[in-house]
Amino acid sequence: MDIYIPESKMEDYKLMTTGQYGGIGAIIRMVGENVSVVDPYEGFPAQKFGIKAGDIILEVSGKATNDMNTEDVSNLLKGPANKPVEIKL
């Protein structure tokens with residue numbers, strides 16, 4: 001039996017199968033018209049770098065997020081484990 005995993009779900013699959021997390025370690029949501037951090041996970045990069053609940057994500061790797069939804073921003077924040085990502089809050 002073959003199972004298809006869409007590209008957008010690959011990081012979630014890698015986390016489940018390898019335990020390697022490739023995101024910043026935070027829950028994000030739309031708050032008004034902005035994508036905001038609502039809960040940085042304890043011990044993960046977001047918390048370690050001082051990101052707090054209520055911070056608005058303005059850019060990810062130089063890409064403005066003002067016209068993006070939560071899924072778009074989440075996809076920009078995910079990548080290979082230990083790969084740096086630049087975030088403007």
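Two strands are taken to pair if DSSP finds at least two bridges between them. The views below show close-ups of a predicted model.

**View 1. Strand 3 and strand 5 in antiparallel pairing.** Strand 3 covers residues 59–60, and strand 5 covers residues 87–88. The two strands are joined by two bridges. Within this pairing, Val60 stands opposite Ile87 of strand 5.

**View 2. The open sheet of three strands.** The strands lie in the order 4-3-5, and their pairing is antiparallel. Strand 4 and strand 5 are placed at the edges and have a single partner strand each, so one side of each lacks a neighbour in the sheet.

**View 3. Ser61 in the loop between strand 3 and strand 4.** This loop leads from strand 3 (59–60) to strand 4 (63–64). Most residues other than glycine have a negative phi. Ser61, by contrast, has a positive phi, near 50 degrees. Is Ser61 buried, partly exposed or exposed? Ser61 counts as partly exposed because its relative accessibility is 47%, and the partly exposed class lies between the limits of 20% and 50%.

**View 4. The hairpin of strand 1 and strand 2.** Strand 1 (residues 26–31) pairs with strand 2 (residues 34–40) in the antiparallel sense, over six bridges. Two residues lie between the strands of this hairpin. Gly32, in the turn, has a positive phi of about 65 degrees. Which residue of strand 2 is the bridge partner of Val31? The partner of Val31 is Asn34.

Technical notes:
Residues numbered from 1 in each chain as written. Predicted model: local features only at pLDDT ≥ 70, side-chain atom pairs only at ≥ 80, totals over all residues. Heavy atoms only, no water. Helix = DSSP H or I, 4+ residues; strand = E, 2+ residues; numbered from the N terminus. Buried < 20%, exposed > 50% of the residue type's maximum accessible area, 1.4 Å probe, protein only.
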